[in-house]
Each structure stands twice: as structure tokens, then as C-alpha cells.
Amino acid sequence: MKHLLKMSDLTREELFHILDVADELKADRKAGRAHPLLAGKSLALIFAKPSTRTRASFQVGMYQLGGLAHYLNAVTEMQLGYGEAIEDTARTLGRYYDGIMIRTYKQSDAEALAQWSGVPVINGLTDYAHPCQVLADLMTIREKKGRLEGQKLCFVGDGNNMANSLIVGGLMAGMQVSAVCPEGCEPSRTVLEYAKAYGDKFTLSTDPKAGAQGADVVYTDAWISTGSEEEQLLRRRHFRGYQVNEELLALAKPDCMVLHCLPARKGEEIAVETFERHADEIFEETENRLHAQKAVLAILMGGR
């Protein structure tokens, strides 16, 4: 594992190694044991999109690992925002930093950083993939359910970066995955091609009730993502009937978990009552961004 750019870059063994290291680092943190695995190391944090959890968790995570995280705004503070070629930015930052995290729009920008920088690159979110979030999701499910293999994960909503990464990560981990998306909002073709190898372990439909039937975990994401605010009215109409609520969960298993990558638009993709009833799970998932990302950093930059 040289970079973390998308879930399909990982092997099953690498995926479970990340989760195991994340569990260890979380236990250390809860017990008050320091783990300065990246003392003297530095991480560039490139942000072209707004962020709460990604920025905070990477900055705190590097601090807890003994290293330095440096925030760089790609739009207002870097020459990237004024036309510098990304390969030149990559070759520059690779001489200053021990690793780079990027949260941006194009997957190709993350891939270019990995190609040209000479240091590990982590995808903190692109329009195609959100691997860091899915590692935290899988960590949370395994904590609560005791295992990943055989569990049914149902994603309801837009076939976006979250759907793409959840499908790959869930299948790789041995889960049964059901994706439920409105017509025209399906996951990426490359992800659907990947899923074909898993046969009936994966289903794609437009029917939330069918998808949620017997689910161990139901997952949703905002219908209106960063950068698509102008489509609000159109998307609300298009996604009507795809809300995660108590009626839908009645079809899932009685102990079904509900997860959300946040930020949530409560009352839209998830009912307020449902969000609050599952808030402990959702915010444990949020906390696990810190631990899962620390594991990735420790493996990529510290040889863990």
C-alpha cells in the first residue's frame, strides 16, 4: 500500500490491516497511551472543498501521532488556484512534506499527486471516492456487530462518491451490499463493473423497501452535496420517497444500525426522529474518522 486513492486500490488484507491498526490506536487513545509514531513527520492538507470532519480529524490525528499537519487552501492560498500545473505543485510539496492529503473535486487530481509527488497521497474526498469515510464506516460496523462478513449493508440515496466507496469496501469486506438510487443517479460504471465479480452479493435497485429488507445496516447521505446547491429543488423532487425513516427501518432487522457520513440535512434524506434515535452510532462513526485515518497515516508514513 503506497497511497489511499480509492477503495479498489486496496487488497482485502490491506483493508483489514487498516481496521486492525485503527482499533489498536483507538484503544491506546482511550487508555491514555501515547503513540508518537510519526514524530518529526509532516502532512500537507490540500482543501479545494469546505470541510469540518476531514480537516479536524486529520489535524488532530497527526498531532496525536506526534507529527505536523499543515492546512493549505487550494482556492485562495495556493498557486493551484491561479493555474499552476498540479504536477508542479506535487513535485514541490513532495520535497517539503512526508505525505499529502487532498480534498477536491477531480479524482484525477489525487491520482496526479500520487504520480508526481514521490510521497504517500491520501484521498480525503473527491467526486468519485471517499475511502477515508468508508474505512471509518466499516470500523464502526465491526465494533457494533462484531464482524463484517455476512452483514447486509443497504445504501439509500445518490449514487455518489459515498455509494461508490461503500459498494467496493462493503463487498471487499465480505458484506452483502444493496444500493438503492433513483433512476439516473446510479453509482459509477467502474464500480458497477467491479461489483459484477461478487455476483448476487450486490444488488442495485430503485426500490428502497426492497433494498432495506433484512438489512443489518442502513446508510444514507445528503441528497444535495457540496457544489450542487443550485439543484436543490430539482433534487428534492427526484429523491422524494428515498428518505431513511422509521417506516423504512421496519423492513430491516430489529437491531439495524443507521449510519450517515454527515453533514446531514435532517428532514430530507433522514427523518429527524430516526437520526436522533441512531445518533450514538452516527457520532461513533464520526469519531472513527480520526482513528481510521490515523491508521492510514501510521501505515503509509510510519511503516506500521
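**Two sheets and the helices around them**

Hi everyone, let me start right in the middle of a sheet: strand S5, residues 152-156, runs parallel to strand S8, residues 217-220, and 4 bridges join the two. One residue pair to look for there is Val 156, which stands opposite Thr 220 in S8. Please keep in mind that this is a predicted model.

Now let's step back to the whole sheet. Five strands make it up, in the order S7-S6-S5-S8-S9; the sheet is open and the pairing is parallel. Which strands sit at the edges? Those are S7, at 202-205, and S9, at 257-260, and each of them pairs on one side only. From one strand to the next, the twist averages 15°. Helix H12, residues 279-302, packs on this sheet, where it touches S8 and S9, and its direction makes about 45° with that of S9.

While you have S9 on the screen, follow the chain onwards. The loop between S9 and helix H11, which spans 272-277, holds Pro 263. The peptide bond leading into this proline from Leu 262 is cis, with omega near 5°.

On to the other sheet. This one has 4 strands, again open and with parallel pairing, in the order S2-S1-S3-S4. S2 and S4, the latter at 121-125, are the edge strands with a single partner each, so each has one side without a neighbour in the sheet. Ignoring direction, neighbouring strands here are turned by 20° against each other on average. If you zoom in on strand S3, residues 99-103, you'll find that S3 pairs with S4 in the parallel sense over 4 bridges. Ile 100 is opposite Val 121 in S4. Helix H2 packs on this sheet and touches S1, S2, S3 and S4, and the direction of H2 makes about 175° with that of S1.

A small backbone detail while we're at S4: which residue has a positive phi although it is not a glycine? That's Leu 125, with a phi of about 150°, and Leu 125 is found in strand S4.

Let me stay with this sheet for a moment and talk about aromatic rings. The model has 6 aromatic pairs by the rule used here. One of them is Phe 47 with Tyr 71: the ring centres are 5.3 Å apart and the planes are at 35°, so we call the pair tilted. The two residues are 24 apart in the chain, with Phe 47 in strand S1, residues 42-47, and Tyr 71 in strand S2, residues 68-73.

Now for the helix pairs, and there are a few I'd like to show you. We've met H2 and H12 already, each on a sheet. H2, residues 53-64, and H12 also pack against each other, at an angle of about 55° and with their axes 9 Å apart. That angle makes H2 oblique to H12, and the crossing is right-handed. H2 contributes, among others, Phe 58, Val 60 and Met 62, and on the H12 side you'll see residues including Leu 290, Leu 297 and Met 301. What is the make-up of this contact? Its residues divide into 6 nonpolar, 6 polar and 3 charged.

Next, H1, residues 12-30, and H5, residues 131-145. Their axes come within 10 Å and cross at roughly 70°, and H1 and H5 are therefore roughly perpendicular to each other. H1 passes H5 in a right-handed crossing. Among the H1 residues in the contact are Leu 15, Phe 16, Ile 18 and Leu 19, while H5 brings in Leu 135, Leu 138, Met 139, Arg 142 and Glu 143. How many of the contact residues are polar? There are no polar ones: the contact has 8 nonpolar and 5 charged residues.

Last pair: H3, residues 86-93, with H4, residues 107-117. The axes come within 8 Å and cross at roughly 50°, which makes H3 oblique to H4. The crossing of H3 and H4 is right-handed. From H3 we have Ile 86, Glu 87, Ala 90 and Arg 91, and these meet Asp 109, Ala 112, Leu 113, Trp 116 and Ser 117 in H4. By class, that contact comes to 5 nonpolar, 1 polar and 3 charged residues.

That's my tour. Thanks for listening!

Conventions. Residues numbered from 1 in each chain as written. Predicted model: local features only at pLDDT ≥ 70, side-chain atom pairs only at ≥ 80, totals over all residues. Heavy atoms only, no water. Pairing = 2+ DSSP bridges. Axes fitted to C-alpha atoms, helices over the stretch in contact; angles between N-to-C directions. Contact = heavy atoms within 4.5 Å. Parallel < 35°, antiparallel > 145°, perpendicular 65-115°, else oblique. Left-handed = near helix turned anticlockwise from the far one by under 90°. Nonpolar A, V, L, I, M, F, W, Y, C, P; charged D, E, K, R; others polar. Phe/Tyr/Trp six-rings, centres within 6.5 Å; stacked < 30°, edge-to-face > 60°.
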